Amino acid sequence: MNNFQTHLEYFKNYANEYIKTYQEPCLNLKKEHTYHVVENAIQIAENLMVSEKEMYIAKLTALYHDLGRFYQYSKYKTFVDRLSENHAHIAVKLLKKNKLFLQEPKEIQQQVLCAIVLHNVAFFPKNLKKEYILQSNIIRDADKIDILKIMAHNFSNTLPEKDSVLLHVKDEPNSFTPLILEQAIHKQPIKYTDLKYANDFKILLTGWFYSLNFTISKKLVIKSDVLTIILNSLPSEKKINEFKEMVQKDFIAYS
């Protein structure tokens, strides 16, 4: 379980080949995102005091969770799964052909592949083994923590990759979908397919705070201040202000 540097080198070369070929800022963003997710996964796993093997699985999962994004963009020119392919499934297909990955013990391969497949689903399958749940929850939190940072930056800046990162929603400063706000207030899951406006996306992202699995994850998000940035960028409207107050009160419990 000391092959992580070799895997890291493989990923860097893989990502750089796509970046060099297509010269797209959003592909470089995905590479940097991966590195940040690895760092987040390590922090979470360390806080949970996992075993050496569990730490290795968490790091591999984080490194490869978005491997499919590069092929996805090269073929479809989008990161929207419903307009192309499920990027997690693409990653699994690629890893099943990766000689380096196939040299890992079967148990490690299976846990990594399972966690990758589950990192972007709404619900876990029933009767999932506890070790699979652990790894899936680590990657889901590690991923969300960095996505929140990326989104906070993109909401407040005009960047070349902004449209693809925000999944092509309408950037109308005062518009939002009332149903999505209601779902967020009641801490219900929100579908990406229902997003119409950038403010809908902001509301969805803020709701992620409640879906984080570990206390350490919530503390990391609060410490980064990204949700405060996202909340402050929402329009001032009675129902939205009530939502802001609800979330900010919940922050206090983890500060």
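This report describes selected local features of a predicted model.

## Helix α1 and its contacts

Helix α1 spans residues 4–22 and holds both Glu9 and Lys12. The side chains of Glu9 and Lys12 form a salt bridge, with an N to O distance of 3.5 Å. The two residues are three positions apart, which is about one turn of the helix. Both ends of this bridge are partly exposed: Glu9 has a relative accessible area of 39%, and Lys12 has one of 32%.

Asn16 is also found in helix α1. Its relative accessibility is 28%, so Asn16 counts as partly exposed, since that class lies between the buried limit of 20% and the exposed limit of 50%. The side chain of Asn16 makes a polar contact at 3.0 Å with the side chain of Lys31. A longer distance can be given for Asn16 and Met151: their C-alpha atoms are separated by 23 Å, and the two residues are 135 residues apart along the chain.

## Helix α2 and the loop after it

Helix α2 covers residues 25–48 and includes His33. The relative accessibility of His33 is 3%, and His33 therefore counts as buried, the limit for that class being under 20%. The side chain of His33 is in polar contact with the side chain of Asp146, at 2.7 Å.

Met49 is found in the loop between α2 and α3. Its phi is positive, at about 55°, although Met49 is not a glycine. With 73% relative accessibility, Met49 counts as exposed because the value is over 50%.

## Packing of α3 and α7

Two packed helices are described by the angle between their axes and the distance between the axes. For α3 and α7, the angle is about 45° and the axes are 9 Å apart. That angle makes α3 oblique to α7. The crossing of α3 past α7 is right-handed.

A salt bridge joins the side chains of Glu107 and Lys53, with an N to O distance of 2.9 Å. This pair links distant parts of the chain: Glu107 lies in helix α7 (residues 106–118) and Lys53 in helix α3 (residues 52–64), with their positions 54 residues apart in the numbering. Glu107 is partly exposed, at a relative accessible area of 39%. Lys53 is partly exposed as well, at 29%.

## Salt bridges across the structure

A search of the whole structure finds seven salt bridges. Among them are the Glu9 and Lys12 pair within α1 and the Glu107 and Lys53 pair. Another is formed by the side chains of Glu85 and Lys93, with an N to O distance of 3.7 Å. Glu85 has 21% relative accessibility and counts as partly exposed because the value is not under the 20% limit for buried residues.

Glu182, Lys239 and Glu242 are joined into one network by salt bridges that share partners.

## Cysteines and disulfides

A disulfide is a covalent bond between the sulfur atoms of two cysteines. The search of the whole structure finds zero disulfides.

Cys26 has a relative accessibility of 2% and counts as buried. Cys114 is also buried, with a relative accessible area of 17%, because that value is under 20%.

## Helix α11 and the loop before it

Lys187 lies in the loop between α10 (178–185) and α11. Lys187 is not a glycine, yet its phi is positive, at about 55°.

Helix α11 runs over residues 198–207 and is mostly covered, with nine of its 10 residues buried. The buried residues are Ala198, Asn199, Asp200, Phe201, Lys202, Ile203, Leu204, Leu205 and Thr206.

How values were computed
Residues are numbered from 1 along each chain as its sequence is written. This is a predicted model: local features need pLDDT of at least 70, side-chain atom pairs count only at pLDDT 80 or more; totals for chains, interfaces and linings use all residues. Side-chain values use heavy atoms; hydrogens and water are left out. Buried means under 20% relative accessible area, exposed over 50%, partly exposed in between (1.4 Å probe, protein chains only). Helices (H or I, at least four residues) and strands (E, at least two) are DSSP runs, numbered from the N terminus. A disulfide is a pair of cysteine sulfur atoms within 2.5 Å. A salt bridge is a side-chain nitrogen of Lys or Arg within 4 Å of a carboxyl oxygen of Asp or Glu. A polar contact is a pair of N or O atoms within 3.5 Å; within protein, one must be able to donate a hydrogen and the other to accept it, and residues adjacent in sequence count only if both atoms are side-chain atoms. Axes are lines fitted to C-alpha atoms, for helices over the stretch in contact, and angles run from 0 to 180 degrees between N-to-C directions. Angles under 35 degrees count as roughly parallel, over 145 as roughly antiparallel, 65 to 115 as roughly perpendicular and the rest as oblique. A crossing is left-handed if the near helix is turned anticlockwise from the far one by less than a right angle, and right-handed if clockwise.
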